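User: I am new to this structure. Please take one helix and look at it closely, then show me what surrounds it in the rest of the model.

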Amino acid sequence: MFDDPQKELKRLEEQLLKDGMDDEEFEQFYHDIYEEFGPAEEEAPANPKSAAAPKAKPSTYADTPRAVAPKKKKGYRGLMITICLECLGIAAVILWWILRIL
């Protein structure tokens, strides 16, 4: 696309630096944005203790480990039975074909 990408990169960098904002303009821009969208003083809670969520009572069921139902063991017995039945079915089909051929 370009004959010399490094040369084109340098040219673009110089153009961006020439057109860019200086520090004073950036500080003024930042100050204006902060004044417009910054934190409002009336939004801050007057009493931080009253704004906190109430603590849970220690007598709730979630505090005891017995309240959780035991997890069921996930076995693969049904899968093994299905595999065995399929193998028996395949063996039966092969045996039927052998008997038909002879």
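Analyst: What follows starts with one helix and then widens to the whole protein.

This is a predicted model, in which local features need pLDDT of at least 70, side-chain atom pairs count only at pLDDT 80 or more, and totals for chains, interfaces and linings use all residues. Residues are numbered from 1 along each chain as its sequence is written, and side-chain values use heavy atoms, with hydrogens and water left out.

The part chosen is helix α1, residues 5-19. Helices here are DSSP runs of H or I with at least four residues, strands are runs of E with at least two, and numbering starts at the N terminus. Helix α1 has 15 residues. From first C-alpha to last, α1 reaches 21 Å, close to the 21 Å expected at 1.5 Å a residue. That expected span is 1.5 Å times one less than the number of residues.

How many residues of α1 are buried? The number is one of 15, so α1 lies largely in the open. Buried means under 20% relative accessible area, exposed means over 50%, and partly exposed is in between (1.4 Å probe, protein chains only).

Helix α1 also holds a salt bridge, between the side chains of E8 and R11. The term covers a side-chain nitrogen of Lys or Arg within 4 Å of a carboxyl oxygen of Asp or Glu. Here the N to O distance is 2.5 Å. E8 and R11 sit three residues apart, about one turn of the helix. An α-helix has 3.6 residues a turn, so residues three or four places apart point the same way. E8 is buried, at 19% relative accessible area. R11 is partly exposed, at 43%. A search of the whole structure finds one salt bridge.

Now the wider setting. The protein has four helices and zero strands. Along the sequence the pattern reads α-α-α-α. Buried residues make up 1% of its 102 residues.

Helix α2 spans residues 23-37 and includes I33. I33 is partly exposed, with a relative accessible area of 36%.

A search for aromatic pairs finds one in the whole structure. W96 and W97 form that pair, edge-to-face, at 5.7 Å centre to centre and 80° between the planes. Rings of Phe, Tyr and Trp (its six-membered ring) pair if their centres lie within 6.5 Å; planes under 30 degrees apart are stacked, over 60 edge-to-face, the rest tilted. W96 is partly exposed, at 48%.

Last, confidence. pLDDT is the predictor's confidence in each residue, from 0 to 100. Its mean over the protein is 76, and 67% of residues reach 70 or more. Confidence is lowest in helix α3 (residues 48-51), at a mean of 56, and highest in helix α4 (residues 77-101), at 96.
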